[in-house]
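Visitor: Please take a close look at a single part of this model for me. I should like a connected account of how that part is built and what surrounds it.

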Amino acid sequence: MSIDPITLSVIQAGLQQVCDEMDLSFSRAAFSPVIAEANDRSDGIYDAKDGALVAQGAGGLPVFVGTMQYSTRVLIEMIAAGTAAAPRPNDIYIVNDPYLGGTHLMDVRFAKPFYRGGKIFCWLSNTGHWPDTGGAVPGGFSASATSVEQEGLRLPPVRLFKEGVLDPEIYSIICSNIRVADQRIGDVKAQAAALMVGEDRLNALLDRYGDDVVQEAIAELRRRAETQMRKLIDEIPDGTYTSTAWIDSDGVVNEPLAIRLKIEKTAGHLQFDFSDSSPPCMGPMNSVLATTLSSVYLAMRHIFPEVPISAGAFAPLEVLRPTGTFLDAQYPRPVSGCAAEVSQRIAEAVFAALVAPLPGRVTAAPAGTSGNFALGGHDPETGRDYVMYQLSGGGYGGNADHDGITNGCSTIGISKAPPIEIMEQNFPVLYHRYAMREGSGGAGMFRGGLGLEYEVELRRGRATASFVMDHGRFGPQGALGGADGAVNEVEIKRGDKVYTPEHLSKEQDIALSAGDRVCVRTPGGGGYGDPSKRDPERIAVDKRLGRI
Amino acid sequence: MARDRIIGVDVGGTFTDLVTIDGASGGLRIAKTPTTLDNQAFGVIKALSIAEIDLADVDLIVHGTTTTTNAVLERKLSKTGLITTAGFRDVLELGRRTRPQPYGMTGQFFPIIPRDLRLEVAERMDANGHVLTPLDETALREAVGTLIDAGCEALVIHFLHAYANPTHELRAAEIAAELWPNSYITTGHSLLSETREFERGVTAAVNASVQPLLERYVTRLRNELTGKSYQGDVLVMNGNGGMVSSQLVAREAAKTVMSGPASGVMAAAYTGVRAGEENLLTYDMGGTSTDVALIRNGTPPISNEIEIEYAMPIHVPMVDVRTVGAGGGSIASVNAAGLLEVGPASAGADPGPICYGKGGTDPTISDANMLLGRLNPDKLNAVAGGIGQGQIAQVFLDRLGTPLGVDAQQAAEAVIRVANAKMAGAIRMVSLSLGADPRDFALFAFGGAGPLHAADLARELGVPRVLIPARPGMTNALGCIVADLRHDYVQTVNQPLGEDDVSVIHDVFAGQVAAGEAALAKENVTIQEIRKVFSVDMQFLGQSHVVRVPLEHATPSAADLRTGFEAVYWTRFKVELPKIRARIVTVNTSVIGVSTPVDLACLIDPAGRRDTATPANHRAVIFDGKPHETAVYWRDHLPADAAFDGPAIVEQLDSTILIPPGDTVTSGADGNLIIHIGGAA
């Protein structure tokens with residue numbers, strides 16, 4: 001090895017900086033609050049030959065760990081096969097096809113070839129969650145879709161920017177198929193501008209250290225990340241570890257879906273086998289392959305946060321392709337639930353399998369749902385239609401050192417929930433309660449964190465309520481003798497009548513009139529360790545504070 | 001009260017610093033003494049005695065304190081109770097559904113007020129401030145009684161939508177005041193009348209829970225000073241970079257959080273304007289962390305959205321200082337991938353770096369500077385513990401050099417290089433996130449360690465010049481002397497622009513001005529003039545983030561607001577959205593009592609200056625792997641027009657300045673030194 005370890009550290013920081021600046025630029029300029037505020041986006045650098053992940057922005061949404069290396073690889077393959085147009089400098093491809101290395105349709109990916117000396121040196125790519133890409137329901141999360149066509153517009157990789165110029169024809173097709181199209185130009189420009197920022201910064205880095213040195217550093221960093229990950233997974237004794245995690249239903253057929261995981265640990269290697277999981281489902285709880293892989297990676301990064309996100313770190317993690325299961329969905333299976341819900345259940349399966357061999361590193365299961373409640377209606381006072389989203393947290397699992405956090409963010413997200421006061425300013429609703437859900441944390445030596453409960457009333461007009469949540473049938477799993485956390489509960493209160501969705505955590509378009517109330521109780525985290533070993537003082541405090 | 005003789009005294013985490021300038025004679029005195037953590041007043045008194053100050057001659061003492069910051073971070077708070085809207089007592093603990101770090105599902109959060117001291121009463125406003133449920137006064141009295149019986153010393157009354165209509169909070173406070181044994185009652189809307197129940201509630205809770213502590217502290221300090229014949233008032237620095245009378249400060253105690261960092265940035269802005277450098281990136285490197293701020297047009301940036309730790313937002317206007325990690329005590333290590341890392345672990349102030357001789361055993365940035373000759377190795381002999389350079393070199397070899405395949409010196413240089421690369425990246429991100437290119441700024445380096453790294457950082461960032469003030473290690477104390485009196489007001493209005501007339505906005509501004517002028521009058525400090533700064537925070541309908549629109553006067557027309565908003569939006573985002581309606585979210589006024597100017601020319605005593613820049617000695621300093629025979633100057637001896645080339649080191653009591661080979665130094669006003677990177681003009 002000719003490159004010195006100090007230059008290596010500095011180049012690693014430099015590559016990271018390029019990606020972080022792309023993240024920042026994208027968020028700052030984006031119009032959509034999903035990107036600007038919730039940071040539902042990610043930016044990275046990908047290998048010229050196989051799309052392998054070189055570096056990714058630290059502020060990207062966790063669910064995007066690794067996904068873009070698949071979409072970039074598919075793009076490279078399609079270019080080679082002639083099924084996508086050949087790249088030229090300053091082209092930017094747009095693609096959101098879930099089956100071509102993606103997540104759901106709302107996650108729109110841009111990819112730009114980065115040239116040095118007339119040759120492609122690497123690819124720059126980013127993903128942003130667009131507020132709408134057409135389809136049956138605003139926002140794209142239809143709990144009852146049975147094919148991807150109902151979920152929105154699907155774009156194969158096409159060059160939206162050709163040699164730096166936006167193609168007005170492609171853009172007009174997109175705009176004719178999505179809602180609130182007039183605001184999208186701001187997001188499109190922001191997403192493209194972020195890639196240009198990355199190009200500038202990467203050029204500066206290469207000019208300073210030389211193309212060959214950086215190329216060599218990238219290869220060396222990949223080797224070292226791989227070594228680091230191998231060393232860390234060798235904390236796990238060789239052997240077989242299994243787990244099962246359950247999804248309530250697919251939203252269409254009211255039967256649970258099983259994720260059955262078998263992990264085989266050999267020296268420096270983990271093999272993930274999901275082949276015994278449920279077959280593809282009718283409703284939108286299918287996962288595409290890239291999302292399934294990415295979910296395993298993000299779970300491993302929650303366990304080993306010190307390893308940088310790079311293809312090297314993923315190399316020791318072999319995920320067998322779960323052909324024939326709902327975790328490897330093929331066209332035209334609906335997939336809108338894969339990024340927000342299925343991914344979290346895959347992560348839960350990984351946690352549940354590895355908590356026994358890594359008791360100091362892994363927690364009991366977290367709430368693991370995005371808690372998506374959407375309310376759409378017409379406000380007679382303002383004369384306008386609206387769509388309100390309430391995303392909620394839940395309890396985290398207990399761990400070897402302390403109780404789980406109360407009302408933590410979804411496993412795959414990092415965004416904040418909106419304040420109640422802002423919800424009440426913007427929508428005709430009144431919250432009656434927004435509280436810790438007492439008794440919801442799974443018992444254990446270290447208890448699960450508490451879920452959230454809220455009750456919200458429609459004040460005026462008519463509306464429909466839709467829910468895409470999970471853990472309504474089975475609570476988040478306890479670990480090492482700990483109890484499961486409380487299940488998710490949804491109730492619609494109309495006067496003194498209470499309606500509970502048939503699928504418990506999922507239903508589309510429940511009609512509401514003024515005065516009706518929606519009551520949601522989110523899952524508590526799983527307990528960790530034998531509850532009888534809990535410190536009596538902690539129990540006394542829990543009782544005093546009404547947590548149990 | 002005149003400001004002829006002012007004392008600025010800043011209590012930091014490690015040192016208590018004092019600066020005083022005699023307005024008449026221009027004489028300067030400084031003192032530095034360890035901070036006394038149990039009662040910061042002892043350190044203050046000690047500093048006064050070191051500086052041999054006769055308090056009878058002093059007109060004004062301005063004080064920066066970490067009392068409230070430490071109390072919050074260590075949760076050493078007064079027992080505080082909360083009374084809130086029925087159904088919402090857990091808002092303070094639920095937060096905004098987050099976790100402490102993006103990756104890793106562990107971590108904990110301890111709310112400022114525990115659940116059993118959070119009580120609810122029936123009352124409810126809607127978002128427009130209309131009463132939906134009247135306040136249950138009987139239940140309120142009961143709740144107040146319960147909290148008194150529980151031994152609470154301070155009380156928070158925090159109701160939903162009180163920013164829109166504070167009637168219930170005001171009435172509840174009135175009733176509580178009849179029963180509560182003291183005056184420590186904070187209402188949610190009074191500090192910051194802004195939407196967001198969690199942030200407003202936490203701000204109020206922080207305020208209440210530090211109020212008794214701060215009051216006791218300033219009272220004790222005032223008594224101590226009065227006992228030493230001091231006749232004047234003590235002013236306390238707020239986090240907004242303005243000062244406020246100690247008689248008033250506890251009322252809004254939360255505003256003193258970040259007092260020290262704000263003070264440093266104020267001094268930087270003041271020094272910069274005098275030196276003709278109005279655009280500065282300030283860089284304050286201390287023992288545990290580095291603070292960065294961006295000053296444009298001589299004006300320190302103010303933010304309402306500071307979070308002092310995980311899920312602990314304090315939403316009052318404060319100088320926007322960002323902490324970017326590494327300090328002199330940051331620990332270097334080699335990770336499992338065989339790569340060198342610096343931080344995030346820190347040896348802190350205690351035990352601190354190995355070279356402090358207080359029992360530290362981990363290799364840190366300060367130790368690396370020592371090994372490379374950048375810090376004076378002779379000072380090692382002065383400290384307790386008898387640590388030698390050889391010992392430090394051994395640690396660097398064992399812990400870093402051997403795994404990296406280099407010697408101790410190369411390892412030390414690598415530590416500096418990696419730390420500088422990371423710090424430069426973090427500074428760049430701060431700058432970019434505020435919409436600024438760092439190359440358009442000069443770097444203002446202060447703190448004990450800032451001037452050691454500044455030139456290298458400037459080179460990384462493409463910044464052409466570094467300004468080193470006369471007293472880098474006393475900058476926060478200096479900020480106390482040059483600060484203005486300042487009162488900030490923020491009121492949520494949430495008014496779409498266009499249909500209604502804007503007289504509501506004008507009325508809010510008028511009310512804010514009246515409140516500010518009344519506060520200034522109470523403070524009884526001589527000021528030059530009253531300056532008012534008006535702005536509104538606006539957004540496009542449908543957006544959740546806002547931009548601040550500065551206004552020239554308090555009676556803008558609707559067209560002024562729209563034009564101003566569009567201009568600011570364009571500057572920041574390069575986006576025009578003519579078809580989308582805008583909304584005024586908050587109305588903001590700052591009422592500033594401008595202080596009499598202070599002449600900083602005396603910061604370096606002209607009598608101590610010599611005719612020529614002559615090195616006190618030379619020592620070998622490592623640059624790029626090679627020892628360079630480097631001139632070492634004593635700062636107080638430099639002539640007022642000193643100019644010399646790197647490599648050079650300038651030492652002074654409170655800091656060490658490093659000038660690498662290829663850079664040049666010139667002298668500026670007020671004893672500043674300017675490092676020209678690569679000899680740039």
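**The contact between the chains, and its setting**

Guide: Over residues 4–531 of chain A, the chain is 27% helix and 24% strand, and the C-alpha atoms at the two ends of this stretch are 51 Å apart. These figures, like the rest of this account, come from a predicted model. The limits of the stretch are taken from UniProt, where an unreviewed entry lists residues 4–531 of chain A as "domain: Hydantoinase B/oxoprolinase".

The part chosen for close inspection is the contact with chain B. Chain A contributes 63 residues to this contact and chain B contributes 54 residues. On the side of chain A that touches chain B, at least two residues each are supplied by H1, helix H2 (33–36), helix H6 (211–233), helix H7 (289–303), helix H10 (420–426) and strand E14 (429–436). The largest share of that side, 13 residues, belongs to H1(A). Sorted by class, the side of chain A that touches chain B holds 29 nonpolar, 19 polar and 15 charged residues.

H1(A) therefore merits separate attention, as it provides the largest share of that side. Helix H1 (residues 5–29) of chain A packs with helix H13 (residues 408–433) of chain B at an angle of about 10 degrees, and their axes are 10 Å apart. Because of that angle, H1(A) is roughly parallel to H13(B). From H1(A), the participants are A:Ile6, A:Ser9, A:Val10, A:Ala13, A:Gln17, A:Asp20, A:Glu21 and A:Leu24. They meet residues of H13(B) that include B:Ala414, B:Arg417, B:Val418, B:Ala421 and B:Lys422, and also B:Gly425, B:Met429, B:Leu432 and B:Ser433. Taken by class, the residues of this helix contact comprise 9 nonpolar, 4 polar and 4 charged.

For the setting within chain A, one may turn to an open sheet of 4 strands. Its order is E8-E9-E10-E11 (chain A), and its pairing is mixed. Strand E8 (239–247) and strand E11 (317–319) of chain A are the edge strands, each pairing on one side only. Direction ignored, neighbouring strands of this sheet are turned by 20 degrees against each other on average. Within the sheet, strand E9 (residues 257–266) and strand E10 (residues 269–273) of chain A run antiparallel and are joined by 5 bridges. A:Glu264 stands opposite A:Gln271 in E10(A). Helix H9 (residues 338–354) of chain A lies across E8 and E9 of chain A, and runs at about 145 degrees to E8(A).

Notes: Residues are numbered from 1 along each chain as its sequence is written. Chains are lettered from A and ligands numbered from 1 in the order in which they are written. This is a predicted model: local features need pLDDT of at least 70, side-chain atom pairs count only at pLDDT 80 or more; totals for chains, interfaces and linings use all residues. Axes are lines fitted to C-alpha atoms, for helices over the stretch in contact, and angles run from 0 to 180 degrees between N-to-C directions. Angles under 35 degrees count as roughly parallel, over 145 as roughly antiparallel, 65 to 115 as roughly perpendicular and the rest as oblique. Two residues are in contact if their C-beta atoms, placed from the backbone, lie within 7 Å. Ala, Val, Leu, Ile, Met, Phe, Trp, Tyr, Cys and Pro count as nonpolar, Asp, Glu, Lys and Arg as charged, and the others, Gly among them, as polar. UniProt positions are given in the numbering used here, feature names are shortened, and annotations may be inferred rather than shown by experiment. Two strands pair if DSSP finds at least two bridges between them.
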